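Here are some short exercises to work through with the structure open beside you. Try each task before reading its solution.

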Amino acid sequence: MAAATLTSKGQITIPSRVRAALGVEAGDRVEFVEQGRGQFAIVAATRSVQELKGLFRGKRSKPVSIEEMNAAIAKRASGSR
């Protein structure tokens, strides 16, 4: 398991083993994708969208309605979680 320490500025250095596995280099972007409460995946933003297929499989079985989207936006805007 790779680990990193958070600096006082909120920065981390991604371990070389993880950078190699992600295929990222200096200047590349990464995204933090929430997988569950308190869990995130680091995804190389340089990859094509096709490579991300299946990342969210099983997360939601039906499309989100406009009403559900609006409710989620309102909830987030009010500061509720």
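Accessible areas here come from the Shrake-Rupley method with a 1.4 Å probe. Keep in mind that this is a predicted model.

**Exercise 1.** Work out how much surface the protein chain exposes and what share carbon and sulfur atoms supply.

Solution. Start with the total: the protein chain exposes about 7,300 Å². Next, take the share from carbon and sulfur atoms, which is 53%. Then turn to the residues: out of 81 in the protein chain, 9% are buried.

**Exercise 2.** Find the helices and strands, and give their pattern along the sequence.

Solution. Count first: you should get 2 helices and 2 strands. Now read along the sequence, and the pattern comes out as α-β-β-α.

**Exercise 3.** In which sense do β1 and β2 pair, and over how many bridges?

Solution. Locate β1 at residues 30-36 and β2 at residues 39-44. They pair in the antiparallel sense, over 6 bridges. For one such bridge, go to Val30: its partner in β2 is Ala44. Finally, check the link: the two strands form a hairpin with 2 residues between them. In that turn sits Gly38, with a positive phi of about 75°.

**Exercise 4.** Is Gln11 buried, partly exposed or exposed?

Solution. Place Gln11 first: it's in the segment before α1 (16-22). Its relative accessible area is 47%. Buried means under 20% and exposed means over 50%, so Gln11 counts as partly exposed. As for its contacts, leaving out residues up to four places away in sequence, Gln11 touches Thr5 and Leu6.

Notes
Residues are numbered from 1 along each chain as its sequence is written. This is a predicted model: local features need pLDDT of at least 70, side-chain atom pairs count only at pLDDT 80 or more; totals for chains, interfaces and linings use all residues. Side-chain values use heavy atoms; hydrogens and water are left out. Helices (H or I, at least four residues) and strands (E, at least two) are DSSP runs, numbered from the N terminus. Buried means under 20% relative accessible area, exposed over 50%, partly exposed in between (1.4 Å probe, protein chains only). Two strands pair if DSSP finds at least two bridges between them. Contact means heavy atoms within 4.5 Å.
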